[in-house]
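User: I want to learn how to read strands, cores and helices from a model. Can we work through one case?

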Amino acid sequence: MTEVKTYITKDGGKRKLPFNETRLREAIKRDIGELDERIIEKVIRTIQQQPERSSDYIRELLQVELVAEVDVDKPEYTFKAARALLAVLYKQASRIRGIDVKDVYLDFLDYVTTATDKGIMSDEIVTKYSPAEIEEAGTFIVKERDHLFDYAGLHLLQERYLNEYKGEKVELPQERFLIIAMTLMQDEDKEDRMKYVKNAYDVMSKLQMTVATPTLANSGKPHGQLASCNIDMWDDSLDGIFTTNHSIARQSKGGAGWGLYIGKVRASGSSIKGLEGRASGPMPFTKITNAIAVAVDQLGTRNASIAVYQDVWHKDIAPFLDMKLNNGDERLRNHDLFHAVTLPDLFMEAVEERKDWYLFDPYEVEQVMGYRLEDSYDEKRGKGTFRDRYKACVENEELSKVKVKAIDIWKRIARSQLETGTPFMFYRDEVNRANPNKHEGMIYSSNLCTEIAQNMSPTIIEEEYVNEDGMIVRVSKPGDLVTCNLSSLNLGKYVNLTQEEREHLIDTQVRMLDNVVDLNEMEVHEANVTAQRYRAIGAGKFGTHHALALKGIEWETEEATKFVDAIEEEISYYTIKASVKLAKEKGAYPLFKGSDWDNGKHLADRGYFVGRSTLGADKWQSLQADINKYGIRNGYLQSPAPNGSTATIAGSTEASDPIFDVMYFEEKKNHRLPRVAPNLDHNTYNVYRRTAYKVDQRMSVAHNIARQRHIDQAISFNIYVPNDIHVGKLLDLQLQAWRGGMKTIYYVRSTATAIEGCEWCEG
C-alpha cells in the first residue's frame, strides 16, 4: 500500500512543503514549551489524515487540542493554549507588517507611523510624541509579559480590542498596552512624560490593573471615546425629555452606556397646561428610549445599553416595575432597557414593618406643596427632609394619592428580579448622605451598572430664537450630566506587592484616570462641562475571590470580612492620597471649597478619626491636613465596576463576586473557552470550591457592607440565589444590605435567568 504524503501549504497557498514532523516538534517547543508526547502524537496523526493541510489549520488544531486538555488537575494547559494563540497573533502581525516573526515587538515606531498612515490609528501619538520618544517607548515593551495571559483572557483581548487590518490582527497585546499608556500620558509635562508612560505600561502589562473597556478599545484609534457611562435625567417637559434622548443617542454611538432618571416626569393622568387627565406619564416616552437602545449601535459592535431609574413613590411605579416581564400589555414593555428603582429609607422601613405606602404625582406635589418630593432625602437615619415632606403629602387632603401595601410593591420588585434579574436597587438616602459634594447638588440615580453616584441635574432649554443671520439658536442651562471614567486594580496581583509597590500602582491608576477627564472630548457638551466641574473618576478593583484564595481565607468567614475591610481601607487611603498629590501638582477640582472633602466630614463619617481604622487615626488625620492645604484633584474617586471582560483579560475573578465555578467551558460561536479559577492548585481549591450559588449570600453582603464604608460612590454588587428561593430570604438579604449602609444592588442573579453582563461599564 502506498503511503499518503502530507503537504503543508503556507502564505495562502503560495508555498507548499512536505510535512516535517521534526520541524513541527521544534515549533511546538519554541512557541508553547514542553508538551505531553501523547498530545503531540495526536496532532501529528490528525495532520497526516489528509494529503494537504494549511499552516493555519495546524495552529488552530494545536489550540483546540490544548484547550481540550484543560482540567481542574491540569489548569496550566490554559496558559499553553494561550501560547499557541500567541504564535498565531505573532505570525499574522509579522506577515502584514513585512517582518520576520522573531522580530515582532522590535518595530514599534514603524508600526505606529504605518498604522497612522493607513488610518488604523489616529495621528495623536505621532503628533504629540517625537520619533525618538516613540522609539524609546518601544524599548519599554517586555515580550515575555504576553505569557501572563491565560487562553480565555488572550482570546478576548485579541477578539475585541487589538487593531486589525484587512480582517487580520495587526496589533499585538503589549503594543495595545503601550498605546493606551502613551494616549493617556500625552499631555503630561515633557520632562516626566516618558516616565509616566513607562509606569502606565508596566502596571497594565503586568496585569496589575486594567482600564475601562472603551479606553482599552479606543485609545489611539480614530474613533470612539474613553469613558464608559453617562447618567442624565429627564426634566418634566417635552423639550427636556427629547433633549436628553438626543444626548443619549449621540453619546451611545461613541460607546457609552447610560443611566437615566425619569422620576421628575409627571404621572399618567396628570394635568398639562391646566387640562386635567391629559398627561401620558413617563412610560410611553421610555418606549422611545427603548427604540434608541435598539437603533443606535456602538460603532457597529453592539446596541446601546440604557438603565432607567424610577422612584418607588411615583404613581406609575407599577407599570414601570413590570416593563421587562414577558406577559401583560406589550405597549408597556421595554425588553431592551434595564430598569432600577430608587428607594428611600422610609419605604424599606414600611416593607420591614408591613405598613402602607403612598404613591404620588411629582408634578401635583409641586403644585400643591410647593416642592418636589424627589429633591430631598433623609439627612440622618430615621429623620430628615424627605420623610417630613412625604408625611406632609400623605396628610394633605388636597393631594391625590394611591395607597398600597409597601410589601406588595416589594413583591412586585422581587418577582421581576427573579424572572429578569432586575430592577436594580438604589438606596437614595444613604447615597446622598455619603455624597461628598452635597454642597453643589443631589444624586437621583446611578448608571448602567449601579457603581456611580454623582451629582445630577437636568439641562433646561431656556429660549430658542432666530438670529440676524437666520440661524436658529437654542440657549440652554447645562445640567450635571455625569460621565464615568473607570479602571480597576487586580487584587490577585495587589496582595503580593510591597506597600511601596501598592502605592505606586494606585498613584499611576489615579493619574491615568485624571487624564481621561481632559482627553475625553464628548459630543454632548453638558458632559464635558460636568466632567471639568467635578473631575470625577471611578477607581475600582476586581479579584476578591482570587485574593482570598491566595491568602487561604475562605469566603464564609469573619476573617474574610476583616480582610476586605482592611484592604479596602488601604486602597481608599492610597487613592485619596494620590488625588491630593495631583491637586498639589495641578490644582484641586473647581468645586472643592465647601465640599465634605474640604470640611473633613467625609473622612470623619467613615469613622477614620475615631478608632474604626486599621491604618490608624494618625495617618488619616495627616491626610486630612494635606487635603485642607492642597485640596483634592477629583471630586469623586472610587466606584468598583462589574469587570467581567477586563477581569478575564487579567486572569482574575470578577469584581467582588465569588467565582461561578472552579472550572468550566464557556461555549462561544466558534470556540470553547476554558474558564479556570486563577492560581488553582491544592492550596486554593478549598477556597474556590464554595462558588457563587453555594456561598452564604449573607456573607457576601457582609463583605460589601465592609467595602462600602471606604468607597465614596457605590459598588456593582450582585446577589446569587436559586430560582426557588423563598421570597422572605431574598427580602432578608436586601434588608441586610440596606441596614448595613450599602448604596445599590446590581443584579439578582437567579439560576432561572440568563443575564447579559455589562461590557462598556467595566474598568
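User: Which residue stands opposite Asn230 in β8?

Analyst: This is a predicted model. Asn230 faces Trp258 in β8. The bridge belongs to a parallel pairing of strand β7 (residues 229-233) with β8, made over 5 bridges.

User: What pairs with β8 through Gly259?

Analyst: Gly259 has Ala307 of β9 as its bridge partner. Strand β9 (residues 306-311) runs parallel to β8, and 4 bridges join them.

User: How do I read the side chains of a strand?

Analyst: Side chains in a regular strand alternate between the two faces of the sheet. Now take β8. Gly257, Gly259 and Tyr261 point one way, while Trp258 and Leu260 point the other way.

User: Are the residues of strand β8 buried or exposed?

Analyst: Buried, meaning under 20% relative accessible area. That holds for 5 of the 5 residues in β8 (residues 257-261), so the strand is largely enclosed by the rest of the structure.

User: Now sheet edges. In what order do the strands of the open sheet run?

Analyst: The order is β6-β17-β18, with mixed pairing. β6 (209-211) and β18 (538-542) each have a single partner strand, so one side of each lacks a neighbour in the sheet. From one strand to the next, the twist averages 25 degrees.

User: How many bridges join β17 to β18?

Analyst: There are 5 bridges, and the two strands run parallel; β17 covers residues 486-490. In one of these pairings Ser488 sits opposite Gly540 of β18.

User: How should I read a nonpolar core?

Analyst: Nonpolar side chains tend to be buried together in soluble globular proteins. Here the largest nonpolar core has 131 residues, and Phe108, Leu178, Met182, Tyr494 and Ile576 touch the most other members. Helix α24 (residues 558-586) gives the most to this core, with 11 residues.

User: What is Leu178 in contact with, beyond its neighbours within four places in sequence?

Analyst: Leu178 contacts Phe108, Ala137, Gly138, Phe140, Ile141, Val197 and Tyr201. Another core of 70 residues lies apart from the largest one; among its members are Ile241, Phe347, Leu373 and Leu418.

User: Last, helix length. What span should helix α21 have?

Analyst: Use 1.5 Å a residue, multiplied by one less than the number of residues. For the 21 residues of α21 (residues 499-519) the expected span is 30 Å. The end C-alpha atoms are 30 Å apart, which agrees.

User: Is α21 mostly covered or mostly exposed?

Analyst: Mostly covered: 15 of the 21 residues in α21 are buried.

Key. Residues are numbered from 1 along each chain as its sequence is written. This is a predicted model: local features need pLDDT of at least 70, side-chain atom pairs count only at pLDDT 80 or more; totals for chains, interfaces and linings use all residues. Side-chain values use heavy atoms; hydrogens and water are left out. Two strands pair if DSSP finds at least two bridges between them. Axes are lines fitted to C-alpha atoms, for helices over the stretch in contact, and angles run from 0 to 180 degrees between N-to-C directions. Buried means under 20% relative accessible area, exposed over 50%, partly exposed in between (1.4 Å probe, protein chains only). A nonpolar core is a set of buried Ala, Val, Leu, Ile, Met, Phe, Trp, Tyr and Cys residues joined through side-chain atoms within 4.5 Å. Contact means heavy atoms within 4.5 Å.
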